[in-house]
Amino acid sequence: MRFTATELDIPGLLLIGARRFADRRGTFMETWRASDFSALGLPAFVQDNQAYSAAAGTVRGLHFQRPPHAQAKLVRVVRGAIFDVAVDLRRDSPTFGKGAGIELKAETGEQIFVPSGFAHGYCTLVPDTDVVYRCDVYYSAEADAGVLWSDPAIAIAWPVDHAAAIVSDKDRALPRLADIASPFVLEPA
């Protein structure tokens, strides 16, 4: 197998590592291979997205899509570094409302797998950061939803002062966790 998978603090969240080859020219690594990801139990992906953030302290999220358009994501930084966050929105989950955060850097090539049933977001740690992510379901504007990134009930230790964060008007207006009816349920193992 070309990839390693380590479960994070919340079941279902995986840190994916890939073999990296280096020589005098630089580095090479495979970032995705359908057969290996299928062997890890991960879904097939249908859409790739890329987001560029000019400034450190840019926050994007916390986003999710409601069923039947719920998305799983595979997130990787191709330039720069981020503090990546996933929040469990699965009702009846012992970790419902809990957020898990991890630093992802372009130079390590690590990726995080965020299953459907989670809200996802990140904060850029350095200027000029590019993030790419694969989704297993196409984007649907009608299903687009989210949770306020700074909701104290989620208690994420963001690496940016809330007043200094660069956040879109749309993300600033997202509801708190207590104000949403989560459409997700914990699937049996």
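**Exercises on a predicted model: surface, fold and hairpin**

The accessible surface of the chain in this predicted model comes to about 9500 Å², and carbon and sulfur atoms account for 52% of that surface.

**Exercise 1.** Determine what share of the residues is buried, and describe how the charged side chains are arranged.

*Solution.* Begin with burial, for which a residue must have under 20% relative accessible area; on that criterion, buried residues make up 47% of the 189 residues in the chain. Turn next to charge, where the count gives 19 positive and 23 negative side chains. Finally, locate the centres of these two sets, which lie 6 Å apart.

**Exercise 2.** Describe the secondary structure of the chain, and establish how its radius of gyration stands against the globule rule.

*Solution.* The assignment yields two helices and 16 strands. The radius of gyration is 16 Å, close to the 16 Å that the globule rule gives for 189 residues, so the chain is as compact as a globular protein of that length. Along the principal axes, the C-alpha trace spans about 55 × 40 × 30 Å. As a last step, take the contacts between residues at least 6 apart in sequence, of which 80% join residues at least 24 apart.

**Exercise 3.** Characterise the pairing of strands β1 and β2, together with the turn that lies between them.

*Solution.* Strand β1 covers residues 3–7 and strand β2 covers residues 14–18, and the two pair in the antiparallel sense over five bridges. One of the bridge partnerships joins Glu 7 to Leu 14 in β2. The two strands form a hairpin with six residues between them, and in the turn Gly 12 has a positive phi of about 105 degrees.

Methods:
Residues are numbered from 1 along each chain as its sequence is written. This is a predicted model: local features need pLDDT of at least 70, side-chain atom pairs count only at pLDDT 80 or more; totals for chains, interfaces and linings use all residues. Side-chain values use heavy atoms; hydrogens and water are left out. Two strands pair if DSSP finds at least two bridges between them. Helices (H or I, at least four residues) and strands (E, at least two) are DSSP runs, numbered from the N terminus. The radius of gyration is taken over C-alpha atoms; the globule rule is 2.2 Å times the number of residues to the power 0.38. Buried means under 20% relative accessible area, exposed over 50%, partly exposed in between (1.4 Å probe, protein chains only). Contact means heavy atoms within 4.5 Å. Accessible areas come from the Shrake-Rupley method with a 1.4 Å probe; for residues, only the protein chains shown count as cover. Lys and Arg count as positive and Asp and Glu as negative; His and the chain ends are not counted. The place of a charge is taken as NZ of Lys, CZ of Arg, CG of Asp or CD of Glu.
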